[in-house]
Amino acid sequence: MAYCIYLRKSRADAEAEAKGQAETLARHKAILLEFAKNKNIPISAIYEEITSGETISARPVVKQLLSEVEKGIWQGVLVMEIERLARGDTIDQGVIARTFQYSGTKIITPQKTYDTNNIYDQEYFEFSLFMSRREYQTINRRLQQGRLASVKEGKFVGSVPPYGYEKIRIAKEKGFFLSPVAQEADIVKAIYHWYLYGYADETGKILQAGTTLIANRLNSMGILSKTGKKWSASSVRDILKNPVYVGKIRWQYRPSIKKLENGNILSSRSYQNTSCTLVKGLHKPIISQEVFQQVQNRMKSHHNAPIAKSHTIKNPLAGIVICGVCQKHMVRRPYQTQQDLLVCPTSGCATVGCCLSILEKRILDVVEYCFSNTFLPWEKFSPSFAENTSLLTFQKQKLSQLLQQKNTIYTLLEQGVYSPEMFQQRLLEIEKQIAHCQSQIRLFCSVFEQKTPSPSKNILALYNQMPNAKGKNELLKQIFSSIIYQRQSGGRWQKQKDNFKLSVYLNLPFC
């Protein structure tokens with residue numbers, strides 16, 4: 001019968017290796033191979049996981065292993081300890097336990113063999129997974145507390161130092177501090193100077209520099225960012241806003257926010273925490289506090305929202321089409337005398353843009369080919385329907401608040417806070433508002449009752465009847481999770497429809 005070995009490197013293993021201990025996976029592999037040899041267990045495959053993910057979805061190797069276990073490929077799986085299989089939440093623990101139980105696959109460790117068909121082994125296995133999770137939470141909590149304590153001491157606890165600095169271990173003490181790198185520090189100073197005072201072009205004319213022009217200038221000079229890539233406006237903006245350059249340490253400015261989407265736990269760092277921890281660091285500043293504050297004041301005065309409140313979305317493909325080179329969302333670029341383009345926002349990116357109308361037509365061809373017999377109810381995408389629904393919800397919430405206020409004024413009368421005259425005046429005002437609110441609710445409800453539902457419509461017909469780009473964009477987002485655009489040749493306004501490639505990813509209901 002077939003057996004395999006599963007190896008996983010934990011966070012504790014990585015820290016131990018950093019202190020000079022032997023490589024974990026190689027050591028565990030030798031132990032398990034020796035154990036298998038002594039027990040006459042034939043090993044057919046070895047799986048190595050170097051990702052220390054908290055969930056199964058973040059660990060591709062264990063997902064492959066579980067898929068094979070579910071198919072009954074393996075009679076047993078050798079691991080160093082139960083903790084190597086899963087330290088996720090209750091759902092992940094249940095997935096592991098159920099997969100091994102229903103497939104009859106044994107879990108073999110040097111200490112014990114778990115037969116999940118045996119009720120006692122099954123209980124012990126589930127208890128081991130539970131204790132593994134508790135241990136993980138304890139270690140993680142202790143780790144976060146230690147990091148916060150180090151930050152408050154002015155130490156740098158990040159994995160990658162910011163541009164302009166390198167990470168140096170503190171002598172005879174745990175932790176790291178930042179040390180300026182001369183060449184990079186000069187670039188940081190230049191970025192701040194260009195942003196405040198501009199720079200001279202080839203003719204000697206002083207150009208007022210924004211983040212995009214600064215990024216272009218750095219790229220033209222052949223200077224690479226910390227990651228070895230070209231500069232973008234956002235990377236320049238991060239340097240201009242980072243207080244590390246005035247000698248501060250910032251912690252949890254962009255915390256990892258987890259959310260559940262389509263059954264998967266996703267992490268995002270888009271949220272900016274304005275109340276993050278900010279302390280004086282052990283490192284030397286590159287920029288003076290006065291210069292840094294001048295930059296912050298200028299950035300505030302020049303801040304513009306991506307879409308002005310008075311404007312609406314004019315790109316039906318907004319947030320859907322992604323550049324195949326740099327993975328950024330492509331943006332609409334309008335022109336007065338030419339057709340609108342869809343281009344990559346990254347300066348110097350090799351992706352060639354395309355006429356928005358041509359790209360939209362190609363995507364609609366996909367919709368027509370794949371979903372010609374798919375119908376959706378018009379009302380769900382009708383702007384008037386959505387507007388009336390939200391207004392009805394608002395009126396119901398307002399009515400609930402008014403009724404609560406009415407009860408409150410009776411209480412204030414009983415407590416002597418309101419005089420009888422004041423009580424009558426307030427009661428009359430609230431009852432008028434309640435009557436108006438109730439009449440609005442009856443009006444909206446009568447509209448919904450009288451409205452005869454129209455038949456569902458073909459998706460393409462529904463798209464063409466949308467009154468604006470916003471409605472079209474919302475409809476496309478119901479169908480596509482993302483569309484990868486690839487094109488490295490031809491002109492932007494070239495009208496051939498076959499000189500670019502699209503990779504389409506559908507949302508779950510349309511798969």
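**Strand pairing and burial in a predicted model**

Tutor: In this predicted model, β1 and strand β2 (residues 43-49) run parallel to each other and are joined by six bridges.

Student: What makes β1 and β2 count as paired strands?

Tutor: Pairing requires at least two bridges. β1 and β2 have six bridges, so they satisfy the definition of a pair. Within this pairing, Cys4 lies opposite Ala45 of β2.

Student: How do you know that β1 also pairs with strand β3?

Tutor: Three bridges link β1 to β3 (residues 76-78), in the parallel sense; with at least two bridges needed, β3 therefore qualifies as well. Here Tyr3 faces Gly76 of β3.

Student: Why is strand β1 described as largely enclosed?

Tutor: A residue is buried when its relative accessible area is under 20%. Six of the six residues of β1 (residues 3-8) are buried, so the strand is largely enclosed by the rest of the structure. Tyr3, Ile5 and Leu7 point one way, Cys4, Tyr6 and Arg8 point the other way, and all are buried.

Student: What makes the sheet of β15, β16 and β17 an open one, and why are β15 and β17 its edges?

Tutor: The three strands follow the order β15-β16-β17 with antiparallel pairing. β15 (331-333) and β17 (354-355) each have a single partner strand, so one side of each lacks a neighbour in the sheet.

Student: How do you know that β16 and β17 are paired?

Tutor: Strand β16 (residues 341-343) and β17 share two bridges in the antiparallel sense; at least two are required, so the criterion is met. Leu342 has Cys354 in β17 as its bridge partner.

Key:
Residues numbered from 1 in each chain as written. Predicted model: local features only at pLDDT ≥ 70, side-chain atom pairs only at ≥ 80, totals over all residues. Heavy atoms only, no water. Helix = DSSP H or I, 4+ residues; strand = E, 2+ residues; numbered from the N terminus. Buried < 20%, exposed > 50% of the residue type's maximum accessible area, 1.4 Å probe, protein only.
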